[in-house]
Amino acid sequence: NPVQVEAIIRFARGLPMVVTSAVQLWVKYDVEDFQSVKTEIVANLVDRLMEGVPDTLIPALEAAAVARWFDQPILRAVTGLEDVRALYNELRRFPFVRTRMEGFALHDSVRDMIDENLRTQDSERYSELHERAAVYFEKLLGKAAGEEAERLGLERLYHRICADENIGIQLFQEM
């Protein structure tokens with residue numbers, strides 16, 4: 001069914017692991033509306049992604065998923081840990097981490113899945129990590145000007161909305 005194949009491709013967003021899971025649901029359980037089972041699929045995929053990941057690395061992986069990109073200062077701010085060098089070095093070796101102008105980033109789909117799973121499974125931690133990221137970007141914003149200030153302001157806004165939608169919308173209106 002070409003329509004279903006297209007729905008799977010859109011849902012998977014370039015991740016073969018998601019395609020495999022979606023096809024299994026389609027063939028085995030006749031699931032056609034992937035949005036209706038998205039939370040379950042995301043949780044299962046995050047569980048599979050986390051297989052073999054040491055417990056000590058999971059907070060850094062969550063912090064990297066909350067941030068749209070990461071370097072050591074961002075990881076330090078979002079995790080709340082003083083020394084993140086070993087975690088940073090381990091994260092950058094993951095197959096779904098890519099380089100960006102600002103540092104490193106998780107593949108967009110992987111980042112979205114881990115962030116979404118965190119939001120649905122532990123909303124308090126999700127808000128806390130986004131709050132830490134917002135505070136980090138606010139500090140940088142105080143020292144920036146021009147395009148850099150605009151870029152940092154947008155990052156702060158994104159994290160404020162994620163941490164607390166009402167406060168984020170209020171900030172957006174002020175901007």
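This is a conversation about a predicted model, in which a student asks for the reasons behind some of the terms.

Student: Why is Thr79 called buried or exposed, and which of the two words applies?

Tutor: Thr79, which lies in helix H5, has a relative accessibility of 13%, and since buried means under 20%, Thr79 counts as buried.

Student: What makes the approach of the Thr79 side chain to the backbone of Leu75 a polar contact?

Tutor: The side chain of Thr79 reaches the backbone oxygen of Leu75 at 2.6 Å, and a polar contact asks for a pair of N or O atoms within 3.5 Å, one able to donate a hydrogen and the other to accept it. The Thr79 side chain also reaches the backbone nitrogen of Leu81, at 3.2 Å.

Student: Which residues does Thr79 touch, not counting those up to four places away in sequence?

Tutor: With those neighbours left aside, Thr79 touches Pro59, Ala60, Ala63, Val84 and Arg132.

Student: Why is Val27 called buried or exposed?

Tutor: Val27, found in helix H2, has a relative accessibility of 65%, and because exposed means over 50%, Val27 counts as exposed. Together with Val19 and Val23, Val27 makes a nonpolar surface patch of about 230 Å².

Student: How do you know which helix has the lowest confidence and which the highest?

Tutor: Among the elements of the protein, helix H2 (residues 16–29) has the lowest mean pLDDT, 70, while helix H5 (residues 72–79) has the highest, 96. The protein as a whole averages a pLDDT of 84, and 90% of the residues score at least 70. Where pLDDT is low, the predicted coordinates should not be read in detail.

Key. Residues numbered from 1 in each chain as written. Predicted model: local features only at pLDDT ≥ 70, side-chain atom pairs only at ≥ 80, totals over all residues. Heavy atoms only, no water. pLDDT = per-residue confidence, 0-100. Helix = DSSP H or I, 4+ residues; strand = E, 2+ residues; numbered from the N terminus. Buried < 20%, exposed > 50% of the residue type's maximum accessible area, 1.4 Å probe, protein only. Contact = heavy atoms within 4.5 Å. Patch = residues over 30% accessible without salt bridge, like charges linked within 9 Å, V, L, I, M, F, W, Y side chains within 5 Å. Areas by Shrake-Rupley, 256 points an atom, 1.4 Å probe, with all protein chains shown as cover. Salt bridge = Lys/Arg side-chain N within 4 Å of Asp/Glu carboxyl O.
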